[in-house]
Structure formats: C-alpha cells, structure tokens
Amino acid sequence: MTPAATFSATPSSDVDEAALRAGPRAFVDAELAPRADAFDEAAEIPEWFLTSLAEQGMWGAVRTGGMVAFGVLHEEVGRGCSSARSLLTVHSMALYALDRWGSAAMRERWLDPMTEGGRLGAFCLTEPGAGSDITAVAATARPAPGGGWLLDGHKKWVTGGERADLLLVFARTERGVSAFLVPADTPGLTRTPVRGLLGTRAALTAEIRFDGCRLPAEALLGAEGMGTAIAAGVLDIGRYSVASGSVGIVQACLDASVHHATTRRQGGVLIGRHQLIQKMITEMAVNLRAARALCLRAGRLKEAGDPATIVETCAAKYLASVSAMRAATDAVQIHGASGCSAERSVARYFRDAKIMEIIEGSSQIQEVLIAQHALTAAGGARPAARAGAPAAPEGSTA
Ligand SMILES: Cc1cc2nc3c(=O)[nH]c(=O)nc-3n(C[C@H](O)[C@H](O)[C@H](O)COP(=O)(O)OP(=O)(O)OC[C@H]3O[C@@H](n4cnc5c(N)ncnc54)[C@H](O)[C@@H]3O)c2cc1C
C-alpha cells in the first residue's frame, strides 16, 4: 500500500484547519474535480480512481486522522464530486461499525483491508417500506440450525452497493433490530444496479436482496437487539460526512458563480456588477461560513468525546444541506441557460444538492430531532410520538 500522500494521519487537534485542508484540496483540484462530470455522465467512478483514493489514504480516515480532519477531507471531496464523497461516507460508516462493535474474527479479517481501501463497505438500512422510520425494518435474521443466522430481506438505495465487499445490514431478530456485517459474496445475496438517479449518479448505487443468506455467529455486531443504537452511532458519522460534503457543494457553487459573474457581460457590464447577482453571492458566502463553522464545532466535539456532538451534527447537516440546495439553485440562476446544461458543473451540483436534503435523515427529520432536543433541554415535555416519527432525539432515524 502506498503511504497516504494527501491525507495526514496526525491527530486533527495538533494541526490547524488550513494544514488539514491543503493535501485533500490539491488532490481534488488536480485529480477529482476535473473528472467529476465525466464520472457523473458515465454513472460510475472507475476502479482505478477508487484505487487512487486508497493511495491518498482516504478510505480509512474515520479511524486514522481525527474527526476534524475527516470532516475537512469530506468537505474537499464533496467540493469536487458528491458521488466520491458518498462512497467515502458509506464506507466510513461500515468501517466505524466494524471497528467499534465488530467481533474479533470480523475485525481480524476486515479491519486492515477496509482501512487501506482494498475492501469497501456499504450501509444497508433503507427498505421499500422503511425509510425515515428505521423501526419499520422488515428484513429478518433468524437463528440457523447448527449456529449462526439466516438473513432474508430487500434493501434499497444502497450507495456503493454495486461495488462493496462488506455490507452493514440491519434486520429484525427476536430481540428487536440487530446489525450484521455481511460479505457481499455470501450465497443468496444478489445486487441490482440502480440507474437514472437524480444526483450522486456515479456512486454505484444498488438494491440488494438477501435470500436465506447464511451468516456465522460472529457476523452479529454488538449484541442482539442493539441495531437501533448502532444505527444511531453510524448515522451520526454519516450525517457529519454529508454535512461536510454539503459545505463542499456550497464552496463549489460560490467559486463557479464568482467566476461566471466576473467573466460574463450583459447590458454592457459584467453581471457581477448587478446587485441582484451580488445578493445571491452574498447568501452563498455567508451560509458557507456558517455551515463550515457548525461542521467544525461538531467535529471538535466528536474528538472531545462530548455527546453534544450528536445534536450539533444534526444542526450542521441541516444547515449545510439546505444551504447547498439554495446555493446550487442560485448558481444555476447566475449561469443562466449554460447552468442548465452539461456545459457547466453547476447543473451537477444542483442535482447532487437535492440528494443531500434526503439522505442520512431528511431535512424534516433533522427539524424534528433538533426541535425535540431543544424542547427537552428547556425542560418541556417531549412531543408525543407519532407513527413514523423519530422516537428519540439522538439520531435513531435514517
Ligand atoms: C441517492 C441516495 C442514496 C442513498 N443511499 C442510501 C444508503 O447507502 N443506505 C441506505 O440505507 N439508504 C440510502 N438511501 C435512502 C435514504 O436514507 C432514504 O431515502 C431516507 O432515509 C428517506 O427515506 P424515504 O426515501 O423512504 O422517504 P420517507 O421516509 O418515506 O419520507 C418521505 C417524506 O416524508 C418526510 N417524513 C418522513 N417521516 C417524517 C416525520 N416523522 N416528520 C416529518 N416528515 C417526515 C420525509 O422528510 C420526506 O420528505 C439513499 C437515498 C438516496 C436518494
């Protein structure tokens, strides 16, 4: 394995943010951003580029560099290509679960190759009937004769599912929802690529069926019935990654908009001279600062092991994803017709930004979670649970 070239393994707290950003930024500018439209068009990130990410030490960042560095890395990758960031997100979620709750046998087999990026992970929670409400999971795992488990179910919208080697799967067992690590070559597992998505088109998304997949006992993460708690922990990592990647989209929209506003003339002047254009650029620049500051705060709290990071991550994800959609809408507006075409990357930012408001807990779910936290913190009664509503403010909802 080539040593990490751009992603530092020095703990984030020892390095300032600009130093953490320099390596990933250079790689993204030189290697990723110039190819991202082509990846999107081909609906695929090719294998050789996944290997390049491994050579940069990016796949193992959730374990190796500290959480501020992880966030900065995911912002920079998200600035260049949301599909690549999405693949890093779900891999990091699976790797985090393996590291934190995996059995000795699973850690022995998977931890090093997953950290180095020789093996990739994915996250399988959503089902046809279970989206925001993870307690509705219908996949089942029952004890197999002679030991282990038999897994049956249907998972949808699995980012990286077409390519992943190890799947983090949530299924119902006798004691509630449980989490399992399932090698993708397990007999009975089939995957079907999903094409024609609005955004993150190159993220190798698939739907996956499990038909009597036999799993060894050590495939279970933590204890039986711990699935909801494990999902909450893993989704916190995923949200932080998506929040950071959304900041990257805002930055990309601002950069493209400033460039266009300072080169395109209409009415005899550069369009950047028009105050209505300036207003859109101001909104992007201000939301960028605010969302980046919230991500940084969430990352620092994670490094400090402070549980307040959970609601701070919800806040960061909420503001960053809403800001990304707004910035992308305005970036297309500033670019006029060219922004509506494949001529400009802003069309891709627009499509990708919408996905950010849906994944890892939709904007509505973040609104519910943040409000529940505020009401509880103020000593008020928690709102009565409704069907499909999140049961806890701590992010147990996808
Ligand atoms: C590109 C893409 C990649 C994805 N990758 C993955 C992946 O890797 N792994 C995975 O498991 N899943 C993945 N997903 C699925 C994603 O997590 C779900 O789409 C998301 O959780 C929302 O679920 P849903 O689509 O079923 O919508 P629903 O839950 O049916 O929600 C529909 C609408 O109702 C709103 N809503 C739902 N509940 C509430 C409530 N309590 N209060 C207020 N409003 C509510 C939602 O905000 C939304 O607007 C992906 C989705 C996309 C689009």
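## Pockets, cavities and the ligand

Helix H5 makes the biggest contribution to the lining of the largest pocket, giving 4 residues. That is a handy place to start a tour of the empty space in this structure, which is a predicted model.

The largest pocket has a volume of about 620 Å³. Its lining is made of 29 residues, and those nearest the centre of the pocket are Thr126, Trp157, Ile358, Ile359 and Glu360. Two or more lining residues come from each of helix H5 (82-101), strand S3 (149-158) and helix H7 (227-261). By character, the lining of this largest pocket splits into 14 nonpolar, 11 polar and 4 charged residues.

The second largest pocket holds about 330 Å³ of space. It is lined by 19 residues, with Tyr96, Arg100, Asp236, Lys302 and Thr309 closest to its centre. Helices again appear here: H5, H7, helix H8 (275-303) and helix H9 (309-335) are the elements that give two or more residues to the lining of the second largest pocket. The most generous of them is H7, with 5 residues. In this second largest pocket the lining comprises 9 nonpolar, 4 polar and 6 charged residues. Why does the second largest pocket lie between domain 1 (12-116) and domain 3 (228-377)? Both domains give residues to its lining, so the pocket sits between them.

Now to the ligand. Which residues are the closest to it? Of the 22 residues that surround the ligand, the closest are Thr126, Ser132, Trp157, Ser362 and Gln364. Thr126 and Trp157 also belong to the residues nearest the centre of the largest pocket. Several polar contacts can be described atom by atom. The side chain of Ser132 has an N or O atom 2.6 Å from an oxygen atom of the ligand. Leu125 takes part through its backbone, with an N or O atom 2.9 Å from a ligand oxygen atom. For Thr159, a polar side-chain atom lies 2.8 Å from a nitrogen atom of the ligand. The ligand on its own exposes 970 Å², and the protein buries 70% of that.

Next come the enclosed spaces. A probe the size of a water molecule, rolled over the atoms, shows where empty space is left. How many cavities of 30 Å³ or more does a search of the whole structure find? The search finds 2.

The largest cavity contains about 80 Å³ of space. Its lining residues are Glu17, Arg21, Val68, Gly71, Val72, Glu75, Tyr240, Ser244, Val247, Arg292, Cys295 and Leu296. Helix H1 (17-42), helix H4 (67-80), H7 and H8 each provide at least two of the lining residues, and H4 has the largest share with 4 residues. The lining of the largest cavity includes 6 nonpolar, 2 polar and 4 charged residues. Domain 1 (12-116) and domain 3 (228-377) both give residues to the lining of the largest cavity, so this cavity lies between them.

The second largest cavity has a volume of about 40 Å³. Around it are Trp59, Leu87, His91, Leu120, Gly121, Gly160, Arg163 and Ala164. These lining residues divide into 4 nonpolar, 3 polar and 1 charged. Domain 1 (12-116) and domain 2 (121-226) each supply at least three residues to the lining of the second largest cavity.

For quick reference, here are the volumes together.

| Space | Volume |
|---|---|
| Largest pocket | about 620 Å³ |
| Second largest pocket | about 330 Å³ |
| Largest cavity | about 80 Å³ |
| Second largest cavity | about 40 Å³ |

Definitions and conventions:
Residues numbered from 1 in each chain as written. Heavy atoms only, no water. 1 Å grid on protein atoms, 1.4 Å probe; cavity = no way out; pocket = protein on both sides within 12 Å on 5 of 7 lines; lining within 4 Å. Points joined across faces, edges and corners; volume = space filled by probe spheres on them. Nonpolar A, V, L, I, M, F, W, Y, C, P; charged D, E, K, R; others polar. Domains from an automatic or database assignment. Near = heavy atom within 4 Å. Polar contact = N/O pair within 3.5 Å; in protein donor to acceptor, adjacent residues only side chain to side chain. Areas by Shrake-Rupley, 256 points an atom, 1.4 Å probe, with all protein chains shown as cover.
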